[in-house]
Amino acid sequence: MVNHTPFIVGAYIVALVGFGGLAIASLVARRRIRRELSARGLERR
């Protein structure tokens, strides 16, 4: 039987990097939008 460990570990790494990138992109966009709303005087308190 062929050892599938490198494929499985690689798939997990790719998924974690992808989800991490999405999380970072989301936080950056959130920060940018909050700054923009604050500059317009529309921030929520």
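How many helices and strands does the protein chain have? I looked this up at the outset and found one helix and zero strands. I note that the model is a predicted one.

**Overall dimensions.** I took the extent of the chain along its principal axes. The C-alpha atoms fill a box of roughly 65 × 15 × 5 Å.

**Surface and burial.** I then asked what share of the 45 residues is buried. The share of buried residues is 0%. The protein chain exposes about 4600 Å², and I recorded that carbon and sulfur atoms supply 66% of that area.

**Gly-21.** I placed Gly-21 in helix α1, which covers residues 5-39. Is Gly-21 buried, partly exposed or exposed? I entered Gly-21 as partly exposed because its relative accessibility is 37%, and the partly exposed class lies between under 20% for buried and over 50% for exposed. I also checked the separation of Gly-21 from Pro-6. The two residues are 15 apart in sequence, and their C-alpha atoms are 22 Å apart in space.

**Nonpolar patch.** Which residues make the nonpolar surface patch of about 390 Å²? I listed Phe-7, Ile-8 and Tyr-12. Of this group I followed up Ile-8, which lies in helix α1. The relative accessibility of Ile-8 is 42%, so I entered this residue as partly exposed.

**Closing entry.** I have Gly-21 in helix α1 and Ile-8 in helix α1, within a chain that has one helix and zero strands.

Terms used:
Residues are numbered from 1 along each chain as its sequence is written. This is a predicted model: local features need pLDDT of at least 70, side-chain atom pairs count only at pLDDT 80 or more; totals for chains, interfaces and linings use all residues. Side-chain values use heavy atoms; hydrogens and water are left out. Helices (H or I, at least four residues) and strands (E, at least two) are DSSP runs, numbered from the N terminus. Buried means under 20% relative accessible area, exposed over 50%, partly exposed in between (1.4 Å probe, protein chains only). Accessible areas come from the Shrake-Rupley method with a 1.4 Å probe; for residues, only the protein chains shown count as cover. Patches are made of residues with over 30% relative accessible area and no salt bridge: like charges are joined within 9 Å, nonpolar side chains (Val, Leu, Ile, Met, Phe, Trp, Tyr) within 5 Å. A salt bridge is a side-chain nitrogen of Lys or Arg within 4 Å of a carboxyl oxygen of Asp or Glu.
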